[in-house]
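Let's take a friendly walk through one protein model. Please have your viewer ready, and keep the sequence at hand.

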Amino acid sequence: MNLVYNSDAFAVVQISLDREAGADLPNGDDASSRGGYEIVDKLARKGIFLDGALARGFRDGVQALADDEESGTEEIDEFISGYTQLAQQPLTMH
């Protein structure tokens, strides 16, 4: 796990899962590593896990914002909020 973004509104963790070499994965995914991103909406107290094509799209979108020198926390938070709308279950702590 790697914390890749943390603001007052969101936390994003990149999760890498190692897989056995030579595993048959759909869509040409790399067999040696697989995972995704966990996004926690701190204000709504909801979380979501993105993997596969959705995770790749998320990564590419965030990378484009990071490469844009004019983008700041507000723009990144706005982009992330589009994905958190997919979360249905509230996050609970035990």
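The report below goes from the overall layout to a pocket and then to a few single residues.

## Overall layout

This is a predicted model. Its protein chain has two helices and four strands. If you read from the N terminus onward, these elements come in the order β-β-β-β-α-α.

A few totals help to set the scene. The protein chain holds 94 residues, and 31% of them are buried. Its accessible surface is about 6500 Å², with carbon and sulfur atoms supplying 48% of that area. As for contacts, take those in the protein chain with a separation of 6 or more: 45% of them join residues 24 or more positions apart.

## The E1–E2 hairpin

How many residues lie between E1 and E2 in their hairpin? There are three residues between these two strands. E1 and E2 run antiparallel to each other and are paired over four bridges.

Two of the bridge partners can be picked out by name. Asn2 is matched with Gln14 of E2, and Leu3 has Val13 of E2 as its partner. Gln14 turns up again in the next section, as one of the residues lining a pocket.

## The second largest pocket

Which elements give two or more residues to the lining of the second largest pocket? The pocket itself has a volume of about 210 Å³. Its lining consists of Val4, Tyr5, Val12, Gln14, Tyr37, Phe58, Arg59, Val62, Gln63, Ala66, Ile76 and Ile80. The elements that supply two or more of these residues are strand E1 (2-6), strand E2 (10-18), helix H1 (52-67) and helix H2 (73-84). H1 contributes the most, with five residues.

Sorted by class, the lining of this pocket has nine nonpolar residues, two polar ones and one charged residue.

## Asp41 in strand E3

Is Asp41 buried or exposed? Asp41 sits in strand E3, which covers residues 33-41. It counts as buried because its relative accessibility is 12%, and the cut-off for that label is under 20%.

Leaving out residues up to four places away in sequence, Asp41 touches Ala9, Phe10, Lys46 and Thr84. Another pair to display is Asp41 with Ile80: the two are 39 residues apart along the chain, and their C-alpha atoms are separated by 9.0 Å. Ile80 also belongs to the lining of the second largest pocket.

## Arg45 and the step to E4

Moving on from E3, you come to the loop that leads to strand E4 (46-51), and Arg45 is located in this loop. Its backbone is worth a look in your viewer: the phi angle of Arg45 is near 55 degrees, which is a positive value in a residue other than glycine.

## Phe49 in strand E4

Phe49 belongs to strand E4. With a relative accessibility of 40%, Phe49 is therefore classed as partly exposed, a label used for values between 20% and 50%.

What does Phe49 touch, not counting residues up to four places away in sequence? Its contacts are Ile15, Gly35, Gly36, Tyr37 and Glu38. Among these, Tyr37 is also one of the residues lining the second largest pocket. Finally, Phe49 and Tyr83 are 34 residues apart in sequence, and the distance from C-alpha to C-alpha is 9.8 Å.

How values were computed:
Residues are numbered from 1 along each chain as its sequence is written. This is a predicted model: local features need pLDDT of at least 70, side-chain atom pairs count only at pLDDT 80 or more; totals for chains, interfaces and linings use all residues. Side-chain values use heavy atoms; hydrogens and water are left out. Buried means under 20% relative accessible area, exposed over 50%, partly exposed in between (1.4 Å probe, protein chains only). Contact means heavy atoms within 4.5 Å. Accessible areas come from the Shrake-Rupley method with a 1.4 Å probe; for residues, only the protein chains shown count as cover. On a 1 Å grid over the protein atoms alone, a cavity is a set of points where a 1.4 Å probe fits but cannot get out, and a pocket is an open set with protein on both sides within 12 Å along at least five of seven lines; lining residues have an atom within 4 Å of a point. Grid points are joined across faces, edges and corners, and a volume is the space filled by probe spheres set on the points. Ala, Val, Leu, Ile, Met, Phe, Trp, Tyr, Cys and Pro count as nonpolar, Asp, Glu, Lys and Arg as charged, and the others, Gly among them, as polar. Two strands pair if DSSP finds at least two bridges between them.
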